[in-house]
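Colleague: Before I rely on this model, I should like to know what lies behind the terms applied to it. Please take me through them.

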Amino acid sequence: MTLKKNKLAFSLLTALFFSLPISQTFAHEHHCDIKETELGNTMKYIKSELRAYNKGFDSEDKAEMKEHAGELVKLTAKAETLIPASIAITNHAEKVEDLTAEQKAKFVQYQEEMSELNETFIALSETTDETEIETLLGKVKEHTKTGHQQFRLDCKK
Ligand code: HEM
């Protein structure tokens, strides 16, 4: 009798587990349920503008380069005001005023890194010198790497 009951309970639990969408079943394990954020969307836009800039650079189209570098300056200035999900994860703070002192300190570090990227794009928007552009593009890569290592959530772990 007890065995039967246990079996029934097990089947019900299994059925419940499989009826839930996978994302919901594992949602809170690594906070990977945070998918769409304003910063994430801004990042996607930065990626496509950088690609467009590179295309202009490859075809020596100065007007295209100027346009996309200008857009990258604006986008990184905007990104500087947005709080990364990794910082606001514990209390889902949306405004700087809602951050704890520890979170605020991390946000300041994030802003410094983003501000350096913004300055790199300003420099990029002011030059057509090939060697200088290549150095600046190398800097962009570095900022992306360090910025992501420090502030982007790693959902793969
Ligand atoms: C040109 C340079 C960069 C490119 C192309 C880039 C690109 C991206 C992309 C494609 C994503 C994923 C967006 C999504 O799927 O939702 C992302 C996320 C993210 N990036 Fe960047 N990134 C750059 C620089 C940086 C820098 C310098 C930082 C930090 C100072 C940074 C911080 C982040 C953070 C925190 C996220 C996660 C979004 C969130 O927390 O809401 N990125 N980035």
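The exchange below concerns the helices, the nonpolar core and the surroundings of the ligand.

Modeller: This is a predicted model, in which local features need pLDDT of at least 70, side-chain atom pairs count only at pLDDT 80 or more, and totals for chains, interfaces and linings use all residues. Residues are numbered from 1 along each chain as its sequence is written.

Colleague: How do you know that the span of α6 agrees with its 25 residues?

Modeller: The expected span of a helix is 1.5 Å times one less than its number of residues. For α6 this gives 36 Å, and its end C-alpha atoms are 36 Å apart, so the two agree. Helices are DSSP runs (H or I, at least four residues), numbered from the N terminus.

Colleague: Which residues of α6 are called buried, and against what do they pack?

Modeller: A residue is buried if 20 or more other C-beta atoms, placed from the backbone, lie within 10 Å of its own. Among those in α6 are Tyr110, Met114 and Phe121. The buried residues of α6 pack against α4, α5 and α7, where contact requires C-beta atoms within 7 Å.

Colleague: What makes the largest nonpolar core a core?

Modeller: Such a core is a set of buried Ala, Val, Leu, Ile, Met, Phe, Trp, Tyr and Cys residues joined through C-beta atoms within 7 Å. The largest has 20 residues, and Tyr53, Ala69, Leu72 and Phe121 have the most contacts inside it. Helix α4 gives the most to this core, with 6 residues.

Technical notes:
Buried ≥ 20, exposed ≤ 12 C-beta atoms within 10 Å, placed from the backbone. Helix = DSSP H or I, 4+ residues; strand = E, 2+ residues; numbered from the N terminus. Contact = placed C-beta atoms within 7 Å.
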